[in-house]
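Let's take a walk through this protein together, from its surface to its interior. Have the sequence and the 3D view ready as you read.

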Amino acid sequence: MCFLTPKRNAAADLIMNEKIAVGSDHAGFGLKLEIIKWLKENGVDFVEMGCMDGSSCDYPTVAEEVCKKIIDGTVSKAILICGTGIGISIAANKIKGIRAALCTDAYTAKYTRLHNDANVLCMGGRVTGPGVACEMVEVFLNTEFEGGRHQRRVDLISSLEK
């Protein structure tokens, strides 16, 4: 159960101006439901993708479907969940233009946005509790990229895709 509610300030308005995608495989399905509940309670516009009932599915396929929504501009960011978050983050990072980060706490979720301009937050449904997960989602959606010296590094990462 997610207990966190966003702090209503200028930064919190970011989540109101974006549409995000949320996808999981079967191992992340339960946590995805908790995150979706939090998104609904906080008025975040989202599209649910991937496993829809806990049936077995392949995380690379879910990662591809979700990340294509970022690439085509349907959504601005995404949340991906598998058992550990490792496999789905590896799969997502194979897609040009995606910067997926496996995060384990609010600190890593904050700095992956501030310094890496990550557009996909990945987590493990079998290793991350719903309270921590919802806190990470809030921080990820409400943190803007700092740019500056970090832009050069993001550009270097993007150059690896060529």
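Is Leu-102 buried, exposed or partly exposed? Leu-102 has 36% relative accessibility, so Leu-102 counts as partly exposed; buried means under 20% relative accessible area, exposed over 50%, and partly exposed in between (1.4 Å probe, protein chains only). You will find Leu-102 in strand β4, residues 100–102. Helices (H or I, at least four residues) and strands (E, at least two) are DSSP runs, numbered from the N terminus.

A word on what you are looking at: this is a predicted model, in which local features need pLDDT of at least 70 and side-chain atom pairs count only at pLDDT 80 or more, while totals for chains, interfaces and linings use all residues. Residues are numbered from 1 along each chain as its sequence is written, and side-chain values use heavy atoms, with hydrogens and water left out.

Now move on to helix α4, residues 106–114. At its N-terminal end, Asp-105 acts as a cap, with a side-chain oxygen 3.2 Å from the backbone nitrogen of Tyr-107. The buried residues of α4 are Ala-106, Ala-109, Thr-112, Arg-113 and Leu-114. They pack against β3 (77–82), β4, β5 (120–124), α5 (130–142) and α6 (149–159).

Finally, look inside. The largest nonpolar core (buried Ala, Val, Leu, Ile, Met, Phe, Trp, Tyr and Cys residues joined through side-chain atoms within 4.5 Å) has 25 residues, and Ile-20, Ile-35, Leu-39, Ile-79, Leu-121, Met-123 and Val-137 touch the most other members. Two or more residues each come from β1 (19–24), α1 (29–41), β3, α4, β5 and α5, with α5 giving the largest share, seven residues.

Technical notes:
Contact means heavy atoms within 4.5 Å. A polar contact is a pair of N or O atoms within 3.5 Å; within protein, one must be able to donate a hydrogen and the other to accept it, and residues adjacent in sequence count only if both atoms are side-chain atoms.
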